[in-house]
Amino acid sequence: AGTTSTTFEIVNAVLSGVTAQGYEDVYDGNAHGITVSLSGTSVGATIKYGTTAGVYTLTENPTYTEVGTYTVYYEVSKTNYGTVTGSAEVKITARTINSSTVTIAAVGDQTYTGNEIKPTPEVKYGETVLVAGTDFDFTYADNTDVGTATITVTGKGNYAGTASTTFEIVNAVLSGVTAQ
């Protein structure tokens, strides 16, 4: 009679039930991230995030507010199970501005000066006041002579598209004229 022994290796089990969903929508001013869901054997696992492939140092899911496409990487780990890695995208597209979505405050009649007239109206998207130079740029047309002039708002950054309004340039009152 004798004794026989053997060695064997216990390997990590497959971690199942990890799913990730990205986010894609139009800019709304809110922060958005990916969603990593755990079910099956992955329940109770640890999720770490990163913004660079292979680097998972964040315990909180990174979120984004501004227009752009962002890749979020994740790593799901659990003792005695193989690690699962992957990525999903957050894609935020520019909100379209046009004459039906943007309110351009009336600037009223402007008096002819001999120079370009560039009044600055308040621009709103719903209740949100947009900021010139950040959210949009102004361009003016026909704004040097008496008549109808146009202000065009062109979206930038988180906004895209154009909207416009008109204003009147009226004759200036001559002063210093006397008759004898």
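Visitor: How exposed is Lys-156, buried, exposed or partly exposed?

Guide: In this predicted model, Lys-156 counts as partly exposed, because its relative accessible area of 30% falls in between the limits of 20% for buried and 50% for exposed.

Visitor: With which residue does Lys-156 form a salt bridge?

Guide: The general idea is that side chains of opposite charge can pair when their charged atoms come close. Here Lys-156 forms a salt bridge with Asp-137, and the closest N and O atoms of the two are 3.7 Å apart. Asp-137 also counts as partly exposed, at 37% relative accessibility. Lys-156 lies in the loop between strand 13 and strand 14, whereas Asp-137 lies in strand 12, so the pair ties together parts that are 19 residues apart in sequence.

Visitor: How many salt bridges does a search of the whole structure find?

Guide: The search finds 2 salt bridges. Besides the pair just described, the side chains of Lys-118 and Glu-116 meet in a salt bridge, with an N to O distance of 3.8 Å. Lys-118 is partly exposed, and its relative accessible area is 49%.

Visitor: How do strand 13 and strand 14, on either side of the loop that holds Lys-156, run relative to each other, parallel or antiparallel?

Guide: Strand 13 and strand 14 run antiparallel and are joined by 8 bridges. As one example of residues facing each other, Ala-149 stands opposite Phe-167 in strand 14. The two strands form a hairpin with 3 residues between them, and Gly-157 in the turn has a positive phi of about 65°.

Visitor: Which residues other than glycine have a positive phi?

Guide: The background is that most residues other than glycine have a negative phi. Among the residues with a positive value here are Asn-80, with phi near 75°, and Asp-142, with phi near 55°. Asn-80 lies in the loop between strand 5 and strand 6, while the place of Asp-142 is in the loop between strand 12 and strand 13. Asn-80 is exposed, with a relative accessible area of 57%, and Asp-142 is exposed, with a relative accessible area of 57%.

Visitor: Returning to strand 14, what other strands are joined to it by bridges?

Guide: Strand 7, residues 95-97, runs parallel to strand 14 and is joined to it by 3 bridges; within this pairing, Thr-96 has Ala-160 as its bridge partner. Strand 9, residues 110-111, also runs parallel to strand 14, with 2 bridges between them, and there the bridge partner of Gln-110 is Ile-169.

Visitor: In what order do the strands of the open sheets stand?

Guide: A useful idea when following a sheet is that in a regular strand the side chains alternate between the two faces of the sheet. One open sheet has 4 strands in the order 2-6-5-4, with mixed pairing. Its edge strands are strand 2 (23-26) and strand 4, each of which pairs on one side only, and the twist averages 20° from one strand to the next. Strand 2 and strand 6 pair in the parallel sense over 4 bridges, and Asp-25 stands opposite Ile-92 in strand 6. Another open sheet consists of 3 strands in the order 8-10-11, with antiparallel pairing. Here the edge strands are strand 8 (102-104) and strand 11 (128-129). Strand 8 is joined to strand 10, residues 123-125, by 3 bridges, and Ile-104 stands opposite Val-123 in strand 10.

Visitor: Which residues have the most contacts inside the largest nonpolar core?

Guide: They are Ile-34, Val-36 and Val-76, in a core of 31 residues. Several strands each supply at least two residues of this core, including strand 5 (68-77), strand 6 (84-93) and strand 12 (136-141), and the largest share, 4 residues, comes from strand 14. Leaving aside neighbours within four places in sequence, Ile-34 is in contact with residues including Tyr-49, Val-72, Tyr-74 and Val-90.

Visitor: Where does His-32 lie, and is His-32 buried or exposed?

Guide: His-32 lies in the loop between strand 2 and strand 3 (35-38). His-32 counts as buried, because its relative accessibility of 14% is under the 20% limit. The side chain of His-32 reaches the backbone oxygen of Asn-30 at 3.4 Å. Leaving aside neighbours within four places in sequence, the residues in contact with His-32 include Tyr-23, Pro-62, Tyr-64 and Ile-92.

Technical notes. Residues are numbered from 1 along each chain as its sequence is written. This is a predicted model: local features need pLDDT of at least 70, side-chain atom pairs count only at pLDDT 80 or more; totals for chains, interfaces and linings use all residues. Side-chain values use heavy atoms; hydrogens and water are left out. Two strands pair if DSSP finds at least two bridges between them. A nonpolar core is a set of buried Ala, Val, Leu, Ile, Met, Phe, Trp, Tyr and Cys residues joined through side-chain atoms within 4.5 Å. Buried means under 20% relative accessible area, exposed over 50%, partly exposed in between (1.4 Å probe, protein chains only). Contact means heavy atoms within 4.5 Å. Axes are lines fitted to C-alpha atoms, for helices over the stretch in contact, and angles run from 0 to 180 degrees between N-to-C directions. A polar contact is a pair of N or O atoms within 3.5 Å; within protein, one must be able to donate a hydrogen and the other to accept it, and residues adjacent in sequence count only if both atoms are side-chain atoms. A salt bridge is a side-chain nitrogen of Lys or Arg within 4 Å of a carboxyl oxygen of Asp or Glu.
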